[in-house]
Amino acid sequence: MPSEIYNALKLSEYRPLFQDKRVLVIGAGAVGSYLMEFLAKMGVSPDALDFDTFTLENAAKHGCLVRTPEDAGRNKARCVSERVQPLLDEGCTSHGIQGDVCNLGPEAFADYDVVMVAVDNFAAKVLVNELIRQLPESRRPVVVMDGTNRETAQSVILDNTEFCLRCLLDEKWMKEAHIRTSCTGPQYRDDYGTPEIVRTTNRASSLAAYLSTEQFHGYVLGAETAMNRMLTYTAYPNLALTASRPLRKPHCPGCAIHPPAQLEWLQGNGMEVTLREALGQLEERLGTRNFEISVHRLHYKNVVYAGFIVTDVCHSCGKPIRVMRHEGRITLSDLRCEACRAEGKLAHPGAGFLPGEILRAFTFACEEEIQDRTLYELGYPLGAHLEVIRRNGALDFLDSGKMERILFALDGDHEKIHHISEL
């Protein structure tokens with residue numbers, strides 16, 4: 001877009017400070033659509049991530065960046081990214097990604113200066129916190145979280161030194177569910193349920209976005225009082241704007257997460273590197289084939305998904321089926337044969353079906369089809385940390401003294417996120 005779209009003499013003198021900043025907005029709905037507009041007009045290069053689509057019933061809460069009715073049914077992230085293109089300064093970019101935050105690993109965030117969390121899902125906030133805290137401080141983005149509750153708008157900015165995102169969430173809000181691990185058998189992601197209706201307006205949404213961008217503005221300017229602060233706007237009849245400094249929550253599970261002590265690097269990115277290629281790189285690095293790569297462990301909604309399902313049975317008729325997907329990327333309804341799917345038959349979780357073949361690790365012994373799949377296709381998020389276990393002569397996990405665990409990452413994941421449109 002030509003620079004003449006803006007008259008530089010009428011813009012803030014600080015505007016040039018924002019033109020090299022990269023911001024990721026997670027959630028491009030009511031608050032996120034305003035965020036994208038505000039950031040684009042500040043001179044930022046804003047990217048967006050969202051799995052959902054715009055609906056007419058929510059049109060009154062979105063920013064005017066979203067066109068009604070023509071944008072109904074479009075993916076939120078890709079839509080708002082397209083709509084901000086005419087607002088961008090020359091040299092700035094915006095990229096919309098249709099996808100779930102569960103498909104991102106820590107290294108996917110390393111290329112951003114700021115990550116703005118504009119989702120109303122506590123599990124997603126906890127996951128983002130977990131991922132970002134696995135990055136060392138030198139590559140860890142600043143985090144902004146915002147939201148609304150009726151006509152109250154709130155935003156908090158943090159650098160993960162004094163507290164983390166989970167410190168701001170009441171543990172009572174987390175589901176009291178038993179954490180199931182891989183040894184208990186396969187788990188299946190729940191389908192997205194109907195979200196609870198929250199009565200709020202676009203005023204609250206736009207104010208939450210404004211508070212977030214104002215805190216971002218203060219951070220870029222280096223204002224001493226900007227970082228690790230919470231701003232809260234309360235509407236009439238109790239009109240107020242307050243600033244506070246959150247405290248670290250005692251025994252916070254999020255604060256207990258730290259970056260790995262050592263991280264080794266493989267070449268390429270998870271969307272393109274196959275298991276065969278990754279095994280080859282590791283063999284060259286480790287000087288042996290006596291190792292395995294643990295299947296990705298996804299912690300989400302108090303459940304651990306840590307298996308790659310090769311085969312299972314149709315959970316409607318019991319017929320054997322080939323699945324070839326990570327258990328965290330399928331729902332129960334996916335476990336149906338083509339015939340039952342075509343007839344619209346329901347899958348039954350408690351029908352006593354025996355599980356099929358489930359892998360907990362990948363090795364050179366994996367079948368050819370598995371080795372030919374990319375790491376992403378095998379369930380590793382873009383930016384994942386790969387846990388490699390070198391046995392060093394150990395016969396099983398009881399001989400743990402000999403076993404060595406090494407974390408690897410792919411050196412191209414942090415750049416790949418800027419070139420994909422779907423996860």
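How many positive and how many negative side chains does the chain have, and how far apart do the centres of the two sets lie? There are 46 positive and 57 negative side chains, with the two centres 4 Å apart. The model is a predicted one. Its chain contains eight helices and 18 strands, and 52% of the 423 residues are buried.

**Overall form**

- For 423 residues, a compact globule would have a radius of gyration near 22 Å; the chain has 23 Å, which agrees.
- The C-alpha trace spans about 70 × 50 × 50 Å along its principal axes.
- The accessible surface of the chain is about 20700 Å², and carbon and sulfur atoms contribute 51% of it.
- Among the contacts in the chain with a separation of 6 or more, 70% are between residues 24 or more positions apart.

**Strand S4 and its partners**

- Strand S4 covers residues 114-117, and both of its faces are covered.
- On one side of S4, Val 114 and Met 116 are buried; on the other side, Val 115 and Val 117 are buried.
- Strand S1 (residues 22-26) pairs with S4 in the parallel sense over four bridges, and Val 23 stands opposite Val 114 in S4.
- S4 also runs parallel to strand S5 (residues 142-149), joined to it by four bridges.
- In this second pairing, Val 115 stands opposite Val 143 in S5.

**Two open sheets**

- One open sheet has three strands in the order S14-S13-S15, and its pairing is antiparallel.
- The edges of that sheet are strand S14 (320-326) and strand S15 (358-359), each of which pairs on one side only.
- Strand S13 (residues 308-313) is joined to S14 by five bridges, and the two run antiparallel; Asp 312 stands opposite Ile 321 in S14.
- Another open sheet has five strands in the order S9-S18-S17-S10-S16, with mixed pairing.
- At its edges are strand S9 (264-266) and strand S16 (361-362), each pairing on one side only.
- Within the five-strand sheet, strand S17 (residues 386-390) and strand S18 (residues 404-410) run antiparallel and are joined by five bridges.
- Glu 387 stands opposite Leu 407 in S18.

**Helix H1 and Leu 39**

- Leu 39 is part of helix H1, which covers residues 30-42.
- With a relative accessible area of 0%, Leu 39 is buried, because the cut-off for burial is under 20%.
- Leaving aside residues up to four places away in sequence, Leu 39 touches Val 23, Val 25, Val 44, Pro 46, Met 116, Thr 213 and Phe 216.
- One of these contacts, Val 23, stands opposite Val 114 in S4, and another, Met 116, is itself a buried residue of S4.
- Leu 39 and Val 388 are 349 residues apart along the chain, and their C-alpha atoms are separated by 40 Å.

**Helix H2**

- Helix H2 (residues 76-84) is largely enclosed by the rest of the structure, because seven of its nine residues are buried.
- The buried residues of H2 are Lys 76, Ala 77, Cys 79, Val 80, Ser 81, Arg 83 and Val 84.
- These buried residues pack against H1, strand S2 (45-50) and strand S3 (96-98).

**Backbone details in loops**

- The peptide bond from Thr 68 to Pro 69 is cis, with omega near 5°; Pro 69 is in the loop between S2 and H2.
- Tyr 236 and Pro 237 are also joined by a cis peptide bond, where omega is about 10°.
- Pro 237 is in the loop between strand S7 (229-234) and strand S8 (240-244).
- Asn 160, a residue other than glycine, has a positive phi near 65°.
- The position of Asn 160 is in the loop between strand S6 (152-158) and helix H4 (202-221), and the residue is buried, with a relative accessible area of 6%.
- His 251 also has a positive phi, near 60°, in a residue other than glycine.
- The loop between S8 and S9 holds His 251.
- His 251 is exposed, with a relative accessible area of 81%.

Notes. Residues numbered from 1 in each chain as written. Predicted model: local features only at pLDDT ≥ 70, side-chain atom pairs only at ≥ 80, totals over all residues. Heavy atoms only, no water. Rg over C-alpha atoms; globule rule 2.2 N^0.38 Å. Buried < 20%, exposed > 50% of the residue type's maximum accessible area, 1.4 Å probe, protein only. Contact = heavy atoms within 4.5 Å. Areas by Shrake-Rupley, 256 points an atom, 1.4 Å probe, with all protein chains shown as cover. Lys, Arg positive; Asp, Glu negative; His and termini not counted. Charge placed at Lys NZ, Arg CZ, Asp CG, Glu CD. Pairing = 2+ DSSP bridges.
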